[in-house]
Amino acid sequence: MTLIIVIVVIAIIVGIYIALYNSLVQLRVHAQESWSQIDVQLQRRNDLIPNLVSTVKGYSKYEASTLEKVTQLRTELAGVPDDDRAKKMEVSNELSGTLKSLFAVSENYPDLKASTEYQQLMEELSNTENKIAYSRQLYNSTVAALDAKIQSFPSNIIAKIHHFTAMEYLQVPAEAQNVPNVSFDD
């Protein structure tokens, strides 16, 4: 009878251990998959940029420096190693800011703004930027769940044994945290 109780207790402990380990693995894989979604959307944006640049180039001969900056950042983003997530997000944020200034160019060129091709590209880029933002939120939520599991008892013991480490959140760039200076005076 005692032997059966010992076997049942060991089986329960092993079952809990396996369940906790598997949940840590699932969260880590989900975090990696969330990061991969960011990468997919960044690549999608990179694929749209040459079309946008060529469309804008035809209308805005005086915006060459902005177009060059967009092209340079696109190339730089493509060259960032996959494991350097901080650098990838830094360049991506800079590219997003430069694209916003490129979007503002259309205000100076009514023909460009009216172009069907330009409008379609702008819509696709806008959708892609929204998907990037959503993917970043999903990644941070997934990382939060993993980090909480790594720090919670008893899964923290299993996490330590199997060398699970906390993952870094994606941060909002400092300039995006500033409150815009708005004046209602003319």
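**View 1. Surroundings of leucine 52 in the nonpolar core.** Apart from its neighbours within four places in sequence, leucine 52 is in contact (heavy atoms within 4.5 Å) with Leu99, Leu102, Phe103, Tyr118, Leu121, Met122 and Leu125. This is a predicted model, in which local features need pLDDT of at least 70 and side-chain atom pairs count only at pLDDT 80 or more, while totals for chains, interfaces and linings use all residues. Residues are numbered from 1 along each chain as its sequence is written, and side-chain values use heavy atoms, with hydrogens and water left out. The largest nonpolar core (a set of buried Ala, Val, Leu, Ile, Met, Phe, Trp, Tyr and Cys residues joined through side-chain atoms within 4.5 Å) has 38 residues, of which Leu52, Val56 and Leu102 touch the most other members. At least two residues of this core come from each of α1 (2-59), α2 (64-79), α3 (85-105), α5 (116-151) and α6 (155-161), these helices being DSSP runs (H or I, at least four residues) numbered from the N terminus. Helix α1 gives the largest share of the core, 11 residues.

**View 2. Aspartate 147, a buried acidic residue in helix α5.** Aspartate 147 is buried (under 20% relative accessible area, with exposed meaning over 50% and partly exposed in between, for a 1.4 Å probe and protein chains only) but has no salt bridge (a side-chain nitrogen of Lys or Arg within 4 Å of a carboxyl oxygen of Asp or Glu). The nearest side chain of opposite charge (Lys and Arg count as positive, Asp and Glu as negative, and His and the chain ends are not counted) is that of arginine 85, 10.0 Å away. The side chain of aspartate 147 does, however, reach the backbone nitrogen of methionine 167 at 3.0 Å.

**View 3. The salt bridge between glutamate 129 and arginine 45.** The closest N and O atoms of glutamate 129 and arginine 45 are 2.7 Å apart, and the pair links helix α5, which holds glutamate 129, to helix α1, which holds arginine 45, across 84 residues. Glutamate 129 is partly exposed at 21% relative accessibility, whereas arginine 45 is buried at 0%.

**View 4. A salt-bridge network of Asp39, Asp82 and Lys88.** Within this network, the side chains of aspartate 82 and lysine 88 meet at 3.1 Å, N to O. Aspartate 82 is exposed, with 52% relative accessibility, while lysine 88 is buried, with a relative accessible area of 6%. The structure holds six salt bridges.

Key
Polar contact = N/O pair within 3.5 Å; in protein donor to acceptor, adjacent residues only side chain to side chain.
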